[in-house]
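Colleague: I'm new to this one. Can you walk me through it?
Modeller: Sure, have a look first.

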Amino acid sequence: MSSTNNFMLGFCLVILFVNAASIDYGEALTKSLLYFEAQRSGKLPSNQRVQWRGDSALNDGKDDGIDLTGGYYDAGDNVKFGFPMAFTITMLAWSATEFESQLNSKNELKNALNAIKWGTDYFIKAHKESHVLYGEIGEGISDHKCWERPEDMTTPRSVYKIDEQHPGADLAGETAAALAVAAVAFKESDSGYSNQLLTHAKELFDFAKKFPGVYTSSIPVADKFYGSSGYEDELLWAAVWLYKATKDKSYLDYINEKSTSCGGTRLNFSWDDKYIGAQVLIAKDLLENKFAGNESTLLNEYKKNAEEFICNCIQKGHNNIQKTNGGLLWWDYWNNLQFVTTATFVITTYADTLSATKNSLQCSSGNVEPLQLINFVKSQVDYILGENPQKMSYMVGFGTNYPQEVHHRGASIVSIKKDKKPVGCQEGFDQWFNRNAPNPNVLVGAIVGGPDNSDNYNDSRDNYKQAEAATANSAPLVGVLARFAS
């Protein structure tokens, strides 16, 4: 080989190395967990790291004689929506169980468990009776009429619940799933707390099974914001996690019973549709030979559907997911990145199981090796973190070019730590929402809705379809970032 060729080869290798090293996944992981501290409701702990936030909603539930402080605000408003909050905690806890060693190696396992516990402590408060669960605090329409910091908001803090007369199997099922996987996450570090979570999870699953129906029929004010398309997926999802947490055969019997109606090949995985999560968990256990022969046959439909979804994501299936010219998976104009982060999580965890069991993925267009799956996930994560046509990181506070006008009440108004003067309902719109300037507080680690299907992004506070972040966007990415950072 000539000296020129040697030089060019070396130059190319250097470029490849620089590109590979240009994204600090460890920094992204740290920041992704910081975001959850910015979303906290209630009395903040002494170890709170996001210092521009203060205590908020300290009287939640008081008028109804119950302490419902704590938990998370879902996105850029000041409402506590139980349905997406439960999915957020389920995905955070799945991240912590699936990628425990990686989180530990980056000294982030404790922060991940703290983020989970902030949610599960609230769910325990919200589940005071076996067949009663409080599912929403505050109300979206009145909340959205005001632009106020959570610390001094004046909007009503109405409480909404499900019970035997007003059921919500989807809400109860998702909360059961969150508590069950959290029980697994805490099993080694706090067995007593783990057992407490498991007790609540079992009661909620029983409640969901005995009293079917969608929660928005009982809490109609939630329908406009987090409407539910059904409850069967949440029941299945909860049963899978309860089986993993307990090895109780009754949960496996339920999973087997539902194998003929296990959701088919889904279009996405989200706070509303959990089928893919359940399918992938079962498929992973099948690869690891965790079921007896006759059970494996019954459960193969789950595996088939999980793999078809993954094949569609990587453009090798029968019904491929759309991609932008810049390479991003594309589902929806409104908060598209929520679907991207969940897809990256299930593909990552499945790829690792394929690799560990020395298997490959069989797609309609051929075999796909685990490394190919990981490389695909990397392309999606790298796009989110700045390797895209806009050269913009869609994780706030990561890199040098990221969204400045995130649609978020607390971040867009001066911190109460700097100015204690209350910001009124309309005053917030006049002085802060309509202000054409960067937010005074950086919502570090938040994943915004993201670009449109032409890879364009309009960084404007009133552009809530693209510029609003949500906890359900970030939770799945925690595990993926831990995997890439280690």
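Modeller: One thing up front: this is a predicted model. Let's start with a helix pair, α10 (residues 232-246) and α12 (residues 275-287).

Colleague: OK. At what angle do α10 and α12 pack, and how far apart are their axes?
Modeller: The angle is about 35 degrees. The axes are 8 Å apart.

Colleague: Is the crossing of α10 and α12 left-handed or right-handed?
Modeller: The crossing is left-handed.

Colleague: Which residues make that contact?
Modeller: From α10, the contact uses Glu232, Asp233, Leu236, Trp237, Val240, Trp241 and Lys244. From α12, the list is Tyr275, Gly277, Ala278, Leu281, Ile282 and Asp285.

Colleague: And by class, what is in the contact of α10 with α12?
Modeller: There are 8 nonpolar residues, 1 polar and 4 charged.

Colleague: Let me pick Leu281, in helix α12. Is Leu281 buried or exposed?
Modeller: Buried. Its relative accessibility is 2%, and the cut-off for buried is under 20%, so Leu281 qualifies.

Colleague: What is Leu281 in contact with, beyond its neighbours in sequence?
Modeller: Leaving aside residues within four places, Leu281 contacts Trp94, Trp237, Val240, Trp241 and Lys244. Of these, Trp237, Val240, Trp241 and Lys244 also belong to the α10 side of the helix contact.

Colleague: Tell me about Trp94, then. What does Trp94 touch?
Modeller: Not counting residues up to four places away in sequence, Trp94 touches Phe99, Val181, Trp237, Trp241, Phe269, Gly277, Val280, Leu281, Phe345, Val346 and Thr349. Trp94 is also one of the residues with the most contacts inside the largest nonpolar core.

Colleague: How many residues does the largest nonpolar core have?
Modeller: The count is 155. Leu361, Leu385 and Leu443 join Trp94 as those with the most contacts inside this core.

Colleague: Which helix gives the largest share of this core?
Modeller: Helix α7 (residues 169-186). Its share is 13 residues.

Colleague: What about the other core, the one lying apart?
Modeller: That core has 7 residues. Among them are Trp147, Val414, Phe429 and Phe433.

Colleague: New topic: sheets. In what order do the strands of the 3-stranded open sheet run?
Modeller: The order is β1-β2-β3, and the pairing is antiparallel.

Colleague: Which strands stand at the edges?
Modeller: β1 and β3 (159-162). Each has a single partner strand, so one side of each has no neighbour in the sheet.

Colleague: How many bridges join β1 to β2, and how many join β2 to β3?
Modeller: 2 bridges join β1 to β2 (residues 133-137). 4 bridges join β2 to β3.

Colleague: Which residues pair up there?
Modeller: Lys80 has Ile137 of β2 as its bridge partner. Phe81 stands opposite Glu136 in β2. On the other side, Leu133 stands opposite Ile162 in β3.

Colleague: How many residues of β2 are buried?
Modeller: 5 of its 5, so the strand is mostly covered.

Colleague: Which helix lies across β2 and β3?
Modeller: That is α7, running at about 100 degrees to β2. The helix is a familiar one: α7 gives the largest share of the largest nonpolar core.

Colleague: And Lys161, over in β3? What does Lys161 touch?
Modeller: Beyond four places in sequence, Lys161 touches Val132, Leu133, Tyr134, Gly135 and Ile219. Lys161 counts as partly exposed, at 37% relative accessibility. From Lys161 to Glu136 the C-alpha distance is 7.0 Å, with their positions 25 residues apart in sequence.

Colleague: Last topic, backbone. Which residues other than glycine have a positive phi?
Modeller: Ala57 and Lys358 are examples. Phi is near 50 degrees for Ala57 and about 55 degrees for Lys358.

Colleague: Why do you bring those up?
Modeller: Because most residues other than glycine have a negative phi.

Colleague: Where do Ala57 and Lys358 lie?
Modeller: Ala57 is in the loop between α2 (25-38) and β1 (80-81). Lys358 is in the loop between α14 (337-356) and β6 (361-363).

Colleague: Buried or exposed, for Ala57 and for Lys358?
Modeller: Ala57 is buried, with a relative accessible area of 14%. Lys358 is exposed, at 77%.

Notes
Residues are numbered from 1 along each chain as its sequence is written. This is a predicted model: local features need pLDDT of at least 70, side-chain atom pairs count only at pLDDT 80 or more; totals for chains, interfaces and linings use all residues. Side-chain values use heavy atoms; hydrogens and water are left out. Axes are lines fitted to C-alpha atoms, for helices over the stretch in contact, and angles run from 0 to 180 degrees between N-to-C directions. A crossing is left-handed if the near helix is turned anticlockwise from the far one by less than a right angle, and right-handed if clockwise. Contact means heavy atoms within 4.5 Å. Ala, Val, Leu, Ile, Met, Phe, Trp, Tyr, Cys and Pro count as nonpolar, Asp, Glu, Lys and Arg as charged, and the others, Gly among them, as polar. Buried means under 20% relative accessible area, exposed over 50%, partly exposed in between (1.4 Å probe, protein chains only). A nonpolar core is a set of buried Ala, Val, Leu, Ile, Met, Phe, Trp, Tyr and Cys residues joined through side-chain atoms within 4.5 Å. Two strands pair if DSSP finds at least two bridges between them.
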